[in-house]
2 protein chains.
Amino acid sequence: MGDGFGFSDRVVVADRERAQYLGFAERVVSRAGIETLPFFRTDLEVEDKRSGGVFDPVTAADRACELVIREAIRAEFPDHGIYGEEYGYEPGCGLTWVIDPIDGTRAFMSGMLHWGVLLGLFDGQDTIVGAMGQPFVGELFSGDGRHARYQRGETKFDLRTSSCASVHDAVFGTTGLEWFGEGELGSVERLIEQVRLSRVGGDCYIHAMLAMGSMDISSDANLQCYDIQALIPIVRGAGGVVTTFHGENPCLGGTVLCAANGPLHELALDIVRA
Amino acid sequence: MGDGFGFSDRVVVADRERAQYLGFAERVVSRAGIETLPFFRTDLEVEDKRSGGVFDPVTAADRACELVIREAIRAEFPDHGIYGEEYGYEPGCGLTWVIDPIDGTRAFMSGMLHWGVLLGLFDGQDTIVGAMGQPFVGELFSGDGRHARYQRGETKFDLRTSSCASVHDAVFGTTGLEWFGEGELGSVERLIEQVRLSRVGGDCYIHAMLAMGSMDISSDANLQCYDIQALIPIVRGAGGVVTTFHGENPCLGGTVLCAANGPLHELALDIVRA
């Protein structure tokens, strides 16, 4: 899956289009998220996508959700590309919608709450809009790299990252240390030794909490592009910084490092690079 | 704190009183939970309860919530004892309400969702009714050891554990391996090696998901009595079994092992004792 998806020339998008894409992402994530709920906290048919290796469940919910998003994109933006976790890559005009129908599938399977529906729009170099929905809780996080907002029922506000200025004062989150490769594990462990509080588990929800201002540094390893794309314009729109562990463009995944602001990101990057 | 709280002669409670206590627990947990919300996802003044050692935050939310529960108990059942995480033990007539105002304080601090307000009623030997509220999500789990139920808005249903019959098919949850002592860590690691899927993180929410039927085995170490009491009649009421790692009464905390049913509990207990 995903053959040929990668960096390419940037498609220039006008502000008015960007706003239109953001509104679309918010609407379709909210709508598609509802498709997952009949499968939540019920018996699921789980198959194992990989033969051997790490357990990676695919659920009917995943597929139902991605199909709704794909249909909406084809109806509204027929010339755009689509890259989804479940159904692979369909190239388009240079703008590509990147879908993770349920990020945090194992949380979903076990009835827990830290999972989300992710949709981002990639311009060849960056994700320019993104939305994350938690349909059971009724939450929607979204952003365009300049602004980010939170909606839950009547509650609506702009997301702002924290002003945390020191790694020693920071709350750190990661989905799990088992995802970090041998060369990276020491780096993230150095970070964990220095922060005030570290939390393990949470998938996309961790990075959403960074955008919320409730966490200060987050990192996840071994990410696919669809695990992180939607979150990038949310984190950046809230004031945060997100790169790879090497300080590079995080849009294709790998190991990413998010921080609430630029100075904190530099401090954290110095620690992981040390 | 908690000096003198422990096992004593069982106070016999009639069915009608038990139902009254359960209804009270549900109402007061729902009401007190609302007290926590102004402190959720806002800047918190966090102090460190212990000098050195494991980070254990106390928040204003914790105290506000426990005070509301204590006042309600004193008003309704003035002769009952109270034992709470924040304000200690006040002995009473032999029945004792056991409070954890926010179980999962670190999740709460970082904006995550896996935390809850816990209230149980201890008869000297067992917790006879219990309630767990997640006020942000609007959920209430409750039970009396015979039945257990879930309420969220208009959604109400009885909780039923899974019929999972094999450790190899089980979904396992624990708050964190770092809480297990040296002699227990090998035991829980043996369990994790054998289950289908294991999840780390979640505090009370893990055991609620066992009652929900979404997890099959759960274990937590180093628990205080208030961390587990409220959950015991919920897990048992849903059909589950909960004991210590040694198969004994879990009401005073320590290291507990929950399973969805009796046969699965025996299989899991054999593994941790091996």
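**Two chains and the cavity they line**

Reader: How many nonpolar, polar and charged residues does the lining of the largest cavity have?

Author: In this predicted model, the classes work like this: Ala, Val, Leu, Ile, Met, Phe, Trp, Tyr, Cys and Pro are nonpolar, Asp, Glu, Lys and Arg charged, and the others, Gly among them, polar. His114(A), Arg199(A), Val200(A), Gly201(A) and Gly202(A) are among the lining residues, and so are His114(B), Arg199(B), Val200(B), Gly201(B) and Gly202(B). Sorted by class, that lining has two nonpolar, six polar and two charged residues.

Reader: What volume does the largest cavity have?

Author: A cavity is a set of points on a 1 Å grid where a 1.4 Å probe fits but can't get out, and lining residues have an atom within 4 Å of a point. The structure holds one cavity of 30 Å³ or more. The volume of the largest cavity is about 70 Å³.

Reader: Which strand of each chain supplies at least two residues of that lining?

Author: Strands are DSSP runs of at least two residues, and helices of at least four, numbered from the N terminus. Chains A and B each supply at least two lining residues from strand E12 (197–200).

Reader: What rotation superposes chain B on chain A?

Author: The fit is by least squares on C-alpha atoms of residues with pLDDT (the predictor's confidence, 0 to 100) of at least 70 in both copies. It leaves an RMSD of 0.0 Å, with 0.0 Å of shift along the axis, for a rotation of 180°. That's the relation of a two-fold axis.

Reader: How many residues apart in sequence are the parts that Tyr83(A) and Tyr226(A) tie together?

Author: The whole structure has 38 aromatic pairs, meaning Phe, Tyr or Trp (six-membered) rings with centres within 6.5 Å; planes under 30 degrees apart are stacked, over 60 edge-to-face, the rest tilted. Tyr83(A) and Tyr226(A) have ring centres 6.0 Å apart and planes at 80°, so they're edge-to-face. Tyr83(A) lies in strand E3 and Tyr226(A) in helix H6, so the pair ties together parts that are 143 residues apart.

Notes:
Residues are numbered from 1 along each chain as its sequence is written. Chains are lettered from A and ligands numbered from 1 in the order in which they are written. This is a predicted model: local features need pLDDT of at least 70, side-chain atom pairs count only at pLDDT 80 or more; totals for chains, interfaces and linings use all residues. Side-chain values use heavy atoms; hydrogens and water are left out. On a 1 Å grid over the protein atoms alone, a cavity is a set of points where a 1.4 Å probe fits but cannot get out, and a pocket is an open set with protein on both sides within 12 Å along at least five of seven lines; lining residues have an atom within 4 Å of a point. Grid points are joined across faces, edges and corners, and a volume is the space filled by probe spheres set on the points.
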